[in-house]
Amino acid sequence: AHEQMEQEKQSEHQKYQRTLKSKKSYKEKFAQATSKEKELQEKFTTIENNNKSLVDDLKASEARGVAKEEEIESLKKNNSQLQSKLEKSSATIAELKDKHEKEQENVLTSSET
């Protein structure tokens, strides 16, 4: 009877040790999982921030593109106005040349008589 009680005591003690080991193992696994979750959360946050940064860069780039297009349109309009002024000036110069040549002819003609 004494030996049987001793064996039961031993058996209970072994169960207790296994339970402690199991709890310790569970706590370690839980700690690892928690640590891994935190690591993944940090990676996710980094990726989100990078993504936001890329979106901001894209928006800024698009805005610069729009500004460039507006600048190009403005330059085209300006160029068109300058082209028009140049054509008018050329026409005026041609008229003045004609007038000058006619006056020269008149001067020559009148001096001949």
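Visitor: Which helix holds both lysine 15 and glutamate 12, and how many residues apart are they?
Guide: Keep in mind that we're looking at a predicted model. The side chains of lysine 15 and glutamate 12 meet in a salt bridge, at 4.0 Å from N to O. About one turn of the helix lies between lysine 15 and glutamate 12. Both sit in helix H1 (residues 2-112), and their spacing is three residues.

Visitor: Is lysine 15 buried, partly exposed or exposed?
Guide: Anything between 20% and 50% relative accessible area goes into the middle class. Lysine 15 comes out at 45%, so that residue counts as partly exposed. Its partner glutamate 12 has 49%, and glutamate 12 is likewise called partly exposed. For lysine 15, then, the label is partly exposed.

Visitor: How many salt bridges does the structure hold?
Guide: We've just met one of them, between lysine 15 and glutamate 12. Glutamate 71 forms another with lysine 68. Counted over the structure, the number is six.

Visitor: What separates aspartate 56 and lysine 52 along helix H1?
Guide: These two have side chains that meet in a salt bridge, 3.3 Å from N to O. Aspartate 56 and lysine 52 are four residues apart in helix H1, so what separates them is about one helical turn.

Visitor: Which class does lysine 52 fall into, buried or exposed?
Guide: The cut-off for exposed is over 50% relative accessible area. Aspartate 56, at 38%, is partly exposed. Lysine 52 has 53%, so the word for lysine 52 is exposed.

Visitor: How far apart are the closest N and O atoms of glutamate 71 and lysine 68?
Guide: Glutamate 71 and lysine 68 are three residues apart in helix H1, so about one helical turn separates them. Glutamate 71 is partly exposed, at 43% relative accessibility. In the salt bridge of glutamate 71 with lysine 68, the closest N and O atoms are apart by 3.8 Å.

Visitor: Which residues do salt bridges with shared partners join into one network?
Guide: Here the salt bridges have partners in common, and that links the residues together. The members of this one network are Lys36, Glu39 and Lys43.

Visitor: How are the rings of tyrosine 26 and phenylalanine 30 arranged, stacked or edge-to-face?
Guide: A pair of aromatic rings is described by how far apart the centres are and by the angle of the planes. The structure's count comes to one aromatic pair. Tyrosine 26 and phenylalanine 30 have 6.3 Å centre to centre and 25 degrees between the planes, and the arrangement is stacked.

Visitor: Is phenylalanine 30 buried or exposed?
Guide: Tyrosine 26 and phenylalanine 30 are four residues apart in helix H1, with about one helical turn between them. Tyrosine 26 has 56% relative accessibility and counts as exposed. Phenylalanine 30 has a relative accessible area of 51%, so phenylalanine 30 is exposed.

Visitor: Which residues gather in a patch of negative charge on the surface?
Guide: One member is glutamate 101, which has its place in helix H1. Glutamate 101 is partly exposed, with a relative accessible area of 46%. The patch is made of Glu95, Asp98, Glu101 and Glu105.

Visitor: How far apart in space are serine 22 and glutamate 101?
Guide: Serine 22 is found in helix H1, and glutamate 101 has its place there too. Serine 22 counts as partly exposed, at 47% relative accessibility. In sequence, serine 22 and glutamate 101 are 79 residues apart. In space, from C-alpha to C-alpha, the distance is 115 Å.

Key
Residues are numbered from 1 along each chain as its sequence is written. This is a predicted model: local features need pLDDT of at least 70, side-chain atom pairs count only at pLDDT 80 or more; totals for chains, interfaces and linings use all residues. Side-chain values use heavy atoms; hydrogens and water are left out. Helices (H or I, at least four residues) and strands (E, at least two) are DSSP runs, numbered from the N terminus. Buried means under 20% relative accessible area, exposed over 50%, partly exposed in between (1.4 Å probe, protein chains only). Rings of Phe, Tyr and Trp (its six-membered ring) pair if their centres lie within 6.5 Å; planes under 30 degrees apart count as stacked, over 60 as edge-to-face and the rest as tilted. Patches are made of residues with over 30% relative accessible area and no salt bridge: like charges are joined within 9 Å, nonpolar side chains (Val, Leu, Ile, Met, Phe, Trp, Tyr) within 5 Å. Accessible areas come from the Shrake-Rupley method with a 1.4 Å probe; for residues, only the protein chains shown count as cover. Lys and Arg count as positive and Asp and Glu as negative; His and the chain ends are not counted. The place of a charge is taken as NZ of Lys, CZ of Arg, CG of Asp or CD of Glu.
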